[in-house]
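Please open the model in your viewer and keep the sequence panel visible beside it. The tour below proceeds by selection, one stop at a time.

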Amino acid sequence: GVGPVLSDRIIKYKLKLVGFYKIDQINEIYGIDTCNYDLISSQLKLDSVWHQFDVNQVEFKVLLRHPYFDYKLVKSIFNYKDHHGDYQSLHELKAIDLVDQDIYGKIAPYLKIYQNGK
């Protein structure tokens, strides 16, 4: 059920995301409908390696390149940090008006707070 065009889209989307953290993310790719997903999902394996950005160190433009972060969201994340200082917990993102439970669930796996530069 996956030809060269769809496999190319999957690879490109994985690169944009900097890795899949759950198999369901395949559903976000143009051309994968419920039927395709049902056919291929049992054959998919998650390598469990994706990049996490340090929310206190990441550059605005870098975060903006990620498909889950639009301009308004990135601007809000940075504005919050400017007003409150470095994030101590990712849960602080929930204080941002644009971050509801769904958005938080999508973006949190791609963010991390590194302690002591680690």
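Two residues are said to be in contact when heavy atoms of theirs lie within 4.5 Å. This term will return at several stops. Please note also that the model is predicted.

**The whole chain**

Begin by displaying the protein chain as a cartoon. It contains 5 helices and 2 strands, and their order along the sequence is α-α-β-α-α-α-β. The C-alpha trace spans about 50 × 30 × 25 Å along its principal axes. If the chain is coloured by burial, 35% of its 118 residues count as buried. Among contacts with a separation of 6 or more, 54% join residues 24 or more positions apart.

**Pro109 and its surroundings**

Select Pro109, which is placed in the loop between α5 (101-107) and β2 (111-112). Is Pro109 buried or exposed? Its relative accessibility is 15%, and buried means under 20%, so Pro109 counts as buried. Next, show the residues around it. Apart from neighbours within four places in sequence, Pro109 is in contact with Tyr21, Trp50, Gln52 and Tyr104. Draw a distance from Pro109 to Tyr21: the two are 88 residues apart in sequence, yet their C-alpha atoms are 7.2 Å apart in space.

**Helix α1: a salt bridge and a buried tyrosine**

Move to helix α1, residues 4-17, and select Lys12 and Asp8, which both lie in this helix. They are 4 residues apart, about one turn of the helix. Their side chains meet in a salt bridge, with a distance of 3.2 Å from N to O. The structure holds 1 salt bridge. Asp8 is partly exposed, with a relative accessible area of 36%.

Now select Tyr13, also found in helix α1. Tyr13 is buried, with a relative accessible area of 14%. Leaving out neighbours within four places in sequence, Tyr13 is in contact with Phe20, Gln25, Glu28, Ile29, Pro67 and Tyr68. For a separation of another kind, draw a line from Tyr13 to Asn56: these residues are 43 apart in sequence and 25 Å apart in space, C-alpha to C-alpha.

**Val18, in the loop after α1**

Select Val18, in the loop between α1 and α2 (34-40). What is the sign of phi in Val18? Phi is near 65°, a positive value in a residue other than glycine. With 28% relative accessibility, Val18 counts as partly exposed.

**His66, in the loop before α4**

Select His66, in the loop between α3 (60-64) and α4. His66 has a relative accessible area of 2% and is buried. Beyond its neighbours within four places in sequence, His66 is in contact with Lys16, Leu17, Val18, Phe53 and Tyr110. Val18, from the previous stop, is therefore one of the contacts of this buried residue.

**Helix α4: two lysines**

Select Lys75 and Lys81 together. Lys75 is found in helix α4, and Lys81 lies in helix α4 as well, within residues 71-84. Lys75 is partly exposed, with a relative accessible area of 35%, whereas Lys81 is buried. From Lys75 to Leu64 the C-alpha distance is 9.2 Å, across 11 residues in sequence.

Which side chain of opposite charge is nearest to Lys81? It is Asp86, at 4.1 Å, and Lys81 has no salt bridge. The cut-off for a salt bridge is within 4 Å. Beyond neighbours within four places in sequence, Lys81 is in contact with Val55, Asn56, Asp86 and Tyr87.

**Ser89, after helix α4**

Select Ser89, in the loop between α4 and α5. Its relative accessible area of 25% makes Ser89 partly exposed. Ser89 and Val55 are 34 residues apart in sequence, with their C-alpha atoms 9.7 Å apart in space.

**The largest pocket**

For the last stop, select Ile10, Lys14, Phe20, Lys22, Ile23, Ile26, Leu44, Lys45, Leu46 and Asp47, and show a surface. These residues line the largest pocket, which holds about 180 Å³ of space. How many residues of the lining are nonpolar, polar and charged? The lining divides into 6 nonpolar, no polar and 4 charged residues. Phe20 belongs to this lining and is also one of the contacts of Tyr13.

Methods
Residues are numbered from 1 along each chain as its sequence is written. This is a predicted model: local features need pLDDT of at least 70, side-chain atom pairs count only at pLDDT 80 or more; totals for chains, interfaces and linings use all residues. Side-chain values use heavy atoms; hydrogens and water are left out. Buried means under 20% relative accessible area, exposed over 50%, partly exposed in between (1.4 Å probe, protein chains only). Lys and Arg count as positive and Asp and Glu as negative; His and the chain ends are not counted. On a 1 Å grid over the protein atoms alone, a cavity is a set of points where a 1.4 Å probe fits but cannot get out, and a pocket is an open set with protein on both sides within 12 Å along at least five of seven lines; lining residues have an atom within 4 Å of a point. Grid points are joined across faces, edges and corners, and a volume is the space filled by probe spheres set on the points. Ala, Val, Leu, Ile, Met, Phe, Trp, Tyr, Cys and Pro count as nonpolar, Asp, Glu, Lys and Arg as charged, and the others, Gly among them, as polar.
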